[in-house]
Amino acid sequence: MDLFNQTPDKNQNLLPYDGTVNYYGRVLSHAPAHALFHTLLETIDWQPDKLRMFGKIIVTKRKVAWYGSNPYQYTYSNATKTALPWTAALLELKTLVEQATGETFNTCLLNLYHNGEEGSSWHSDDEPDLKQHGAIASISLGAERNFLFKHKQTKEKVAILLEHGSLLLMKNETQSRWLHSLPTTRKITTPRINLTFRTIVV
Ligand SMILES: O=C(O)CCC(=O)C(=O)O
Ligand SMILES: [Fe+2]
């Protein structure tokens, strides 16, 4: 019996209440995940993100991209993005994620963090363009990073390590009751790509 390298139980809820987060572990093995990382690096239309913070426009070092089944618009942090058509790699990954989770998605937001000094501050993905309480599936490629949840009222925190090739599913009340963040760290010097498959309502 291997006590130290158990595959995670995808049916276990990592949140103690008010939402559901399931960690599926590595749904892509090392080599295909590595190949996908490089395909995405080369074929995705990466753009710096522009965020409005305290009345100022901040251009992030982190790069983002927005793809979907139709030119869906997504407004967050006072900026609107129009989805580009799926690339072959994204469409293949969408199918894999839909089969693994039993959910369906029509869009994907991609983030490229060049190193540990780039991250994502506390937020919820609860914009009105997104299906309320819809599932969000998160694929991680490259550097392993910690991911945190913080309950909006109780402030309780839950931490999880997002491995190379892994899948995390957030659903039900997760976005309305919890914040999440990708904390920065100087210890990580290599890049990471994250893809979150989402559902835009029309
Ligand atoms: O990079 C991640 O793991 C999460 C990114 C995120 O929360 C988002 O794009 O909304
Ligand atoms: Fe998010």
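Two strands count as paired if DSSP finds at least two bridges between them. All views below come from a predicted model.

**View 1. The annotated domain span, residues 104-201.** An unreviewed UniProt entry places the feature "domain: Fe2OG dioxygenase" at residues 104-201. Strand makes up 50% of this span, and helix 4%. The C-alpha atoms at the two ends of residues 104-201 are 12 Å apart.

**View 2. Strand 10 and its two antiparallel partners.** Strand 10 covers residues 145-151, and strand 11 covers residues 157-162. Six bridges hold this pair in the antiparallel sense. Within the pairing, Phe147 faces Ile160 of strand 11. Five residues separate strand 10 from strand 11 in their hairpin. There, Lys155 adopts a positive phi near 70°. Strand 10 also pairs with strand 13, residues 178-182. This pairing is antiparallel too, over four bridges. Leu148 has Ser181 of strand 13 as its bridge partner.

**View 3. The shell around ligand 1.** Which residues surround ligand 1? They are Leu109, Asn111, Ser120, Asp125, Ser138, Phe147, Leu162, His180, Leu182, Asn194 and Thr196. Strand 7 (107-113), strand 13 and strand 14 (192-198) each give two or more residues to this shell. How does the shell divide by class, and how many of its residues are charged? The count is six polar, four nonpolar and one charged. Phe147, a member of the shell, is the residue opposite Ile160 in the strand 10 and strand 11 pair.

**View 4. Ser138, a shell residue in strand 9.** Ser138 sits in strand 9, which runs over residues 136-142. Is Ser138 buried or exposed? Ser138 is buried, because 23 C-beta neighbours fall inside 10 Å and the cut-off for buried is 20 or more. Leaving out residues up to four places away in sequence, Ser138 touches Leu168, Asn194 and Thr196. Asn194 and Thr196 are also among the residues around ligand 1. Val97 is 41 residues from Ser138 in sequence. In space, the C-alpha atoms of Ser138 and Val97 are 8.9 Å apart.

**View 5. Leu110 in the largest nonpolar core.** This core holds 38 residues. Which of its residues touch the most other members? They are Leu110 and Ala137. Strand 7 supplies five residues, the largest share of the core. Beyond its neighbours within four places in sequence, Leu110 contacts Ile44, Val64, Ala65, Ile193 and Leu195. One of these contacts, Ala65, stands opposite Leu110 across a strand pairing.

**View 6. Strand 3 and its three partners shown here.** Strand 3 spans residues 56-68 and runs antiparallel to strand 2, residues 47-53. Six bridges join them. Leu51 is bridged to Ile58 of strand 3. The hairpin of strand 2 and strand 3 has two residues between the strands. In this hairpin, Phe54 shows a positive phi near 50°. Strand 3 also pairs with strand 7, again antiparallel and over six bridges. Here Ala65 is set opposite Leu110 of strand 7. With strand 6, residues 84-85, strand 3 runs parallel, over two bridges. Gly68 is opposite Pro85 in that pairing.

**View 7. The hairpin of strand 4 and strand 5.** Strand 4 takes in residues 73-76, and strand 5 takes in residues 79-82. They are antiparallel, with four bridges. Thr75 has Thr80 of strand 5 as its bridge partner. Two residues lie between the strands of this hairpin. Ser77 takes a positive phi near 50° in it.

**View 8. Asp18 and Asn172, with positive phi outside glycine.** Asp18 is not a glycine, yet its phi is positive, about 60°. Asp18 belongs to the segment before strand 1 (20-26). Asp18 counts as partly exposed because it has 16 C-beta neighbours inside 10 Å. Asn172 is not a glycine either, and has a positive phi of about 55°. Where is Asn172 found? The loop between strand 12 (166-171) and helix 3 (174-177) holds Asn172. Within 10 Å of Asn172 are 16 other C-beta atoms, so Asn172 is partly exposed.

Note on methods: Residues numbered from 1 in each chain as written. Chains lettered and ligands numbered in written order. Predicted model: local features only at pLDDT ≥ 70, side-chain atom pairs only at ≥ 80, totals over all residues. UniProt positions renumbered as here; feature names shortened; annotations may be inferred. Near = placed C-beta within 6 Å. Nonpolar A, V, L, I, M, F, W, Y, C, P; charged D, E, K, R; others polar. Core = buried A, V, L, I, M, F, W, Y, C linked by C-beta atoms within 7 Å. Buried ≥ 20, exposed ≤ 12 C-beta atoms within 10 Å, placed from the backbone. Contact = placed C-beta atoms within 7 Å.
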